Amino acid sequence: MKVTRIRGFHLRATLPEPIGNALVFFDRIDSLLVQLVSDDGLVGWGEAWASPAAVAAHIRTRLAPLVLGQDPSATGRLWRAMMGALHYDRRGVAVMAVAALDIALHDLAARAHGVPVTALLGGALRARVPAYASGPFFKPGGDPYRAYRDDVEGYQKRGFRAFKPHAGLDPRADGAMALALRRQIGRDGGLMMDYNQSYTARAAIRSAKCMEEADLLLLEEPVMPEDIAGYREVARHVLPALAGGEALGSLAAFREYLVAEAVDVLQPDVTICGGFTGCMRVAALAEAFDVPVMPHVWGTAVNFNAALQLAAVLPPQRGGGPAVFPMIEYDATSSPLFALAGTPPVDPDGMLAVPDAPGLGVDLTDEALRAWTVDQWEIAAN
Ligand SMILES: [Mg+2]
């Protein structure tokens, strides 16, 4: 079997109203889906949700010749070949481009073998993964947390038992919001906070102190990803676990975090740090430091299902209370790109089934993407 065509779909969805976190407000979601087509007509999907246009250019100009005409089952060799073409682009867009193709190669190879991607990764350790609702987000104008109560009530009705709202505008407002949510979800609900890189270490510590009574499981990205000293400073003063790593691309960047003891939970994003091949290397490194891995998710159903396949093969670890790692991040907003293949149902106990259909377990067609496609391209083997 050979890869004969690479097709790109730049998707864009406009949200009914802007939403935000401490870093940014946005009213649209963009992502690049990459489809590999084989000579026997099978397809595999990959994704790059961050910097989609730049990733498309990188794939078209640099990586396509390395994948076209190749056997998709050679995921490791092709990953090496693509990483070998990075030259001076050691992280960011270049590694995201490798990631998109690596995910698609795994999907295609697994479909060719009639097995889920977990089988290519050594076999699933579990059939279900604990899901958490990623949200709520800020509302623009007025109190950004004013819709949190209703949003979380909606998540509870859908089966979620763990929640990760966005925080980080003001420590005292964070505290009031966190305490209100704790009262709402009860003692046994899982509560996390995502600061989206927004605070200084001091402000993050103040915020965490204001939220002490809310008994948080973890604090995510309290400071800028490059501020490892800041992570360490926050860690010295707060009880909840610190989580981060969604912005890291290279194995060496994860090593820096682990060696510095900057985080308690690593959150690699399959589409950012080199696909399944890159993420499995990060997971092995994290295991050597006894740090659990919990995949970060944003973008479309493709990244979500890739993260779900990954979460099924990661080693289990207890994080206290309802935190049993790996948990899966579930975009609880009503993003149509997340729901491209339908809305995955959460079981009443907050667990999510891992698809065991061939590949990623998500079937997409040109027709299903048409309403969201703003640019489309294709490169064929000579
Ligand atoms: Mg985050």
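Angles of 65 to 115 degrees between directions count here as roughly perpendicular. Keep that range in mind for this predicted model, where the axes of helices H3 (residues 93-113) and H10 (residues 275-288) cross at roughly 100 degrees. H3 and H10 are therefore roughly perpendicular to each other. Here is a friendly tour of that crossing, the two domains and the sheet on which H3 packs.

**The H3-H10 crossing**

- At the crossing, the axes of H3 and H10 come within 6 Å.
- On the H3 side, the contact is made by Val98, Ala99, Asp102, Ile103 and His106.
- Their partners in H10 are Gly275, Phe276, Thr277 and Gly278.
- By character, the residues of this H3-H10 contact are four nonpolar, four polar and one charged.

**Two domains and their contact**

- Domain 1 covers 3-114 + 366-380 of the protein chain, and domain 2 covers 119-353.
- Taken over C-alpha atoms, the centres of domain 1 and domain 2 are 24 Å apart.
- Domain 1 puts 36 residues into the contact, and domain 2 puts in 37 residues.
- On the side of domain 1 that touches domain 2, at least two residues each come from strand E1 (3-20), strand E2 (25-38), strand E3 (43-48), helix H2 (75-84) and H3.
- H3 gives the most to that side of domain 1, with ten residues.
- The residues on that side of domain 1 divide into 24 nonpolar, eight polar and four charged.

**The sheet**

- Four strands make up an open sheet, ordered E3-E2-E1-E14, with antiparallel pairing.
- E3 and strand E14 (373-380) are the edge strands, each pairing on one side only.
- From one strand to the next, the twist averages 20 degrees.
- Six bridges join E2 and E3 in the antiparallel sense.
- For a handle on the strand register, look at valine 34, which stands opposite glycine 46 in E3.

**Helices packed on the sheet**

- Helix H1 (residues 52-67) packs on the sheet and touches E1, E2, E3 and E14.
- The direction of H1 makes about 165 degrees with that of E1.
- H3 also packs on the sheet, where it touches E2 and E3.
- The direction of H3 makes about 155 degrees with that of E3.

Terms used
Residues numbered from 1 in each chain as written. Predicted model: local features only at pLDDT ≥ 70, side-chain atom pairs only at ≥ 80, totals over all residues. Axes fitted to C-alpha atoms, helices over the stretch in contact; angles between N-to-C directions. Parallel < 35°, antiparallel > 145°, perpendicular 65-115°, else oblique. Contact = placed C-beta atoms within 7 Å. Nonpolar A, V, L, I, M, F, W, Y, C, P; charged D, E, K, R; others polar. Domains from an automatic or database assignment. Pairing = 2+ DSSP bridges.
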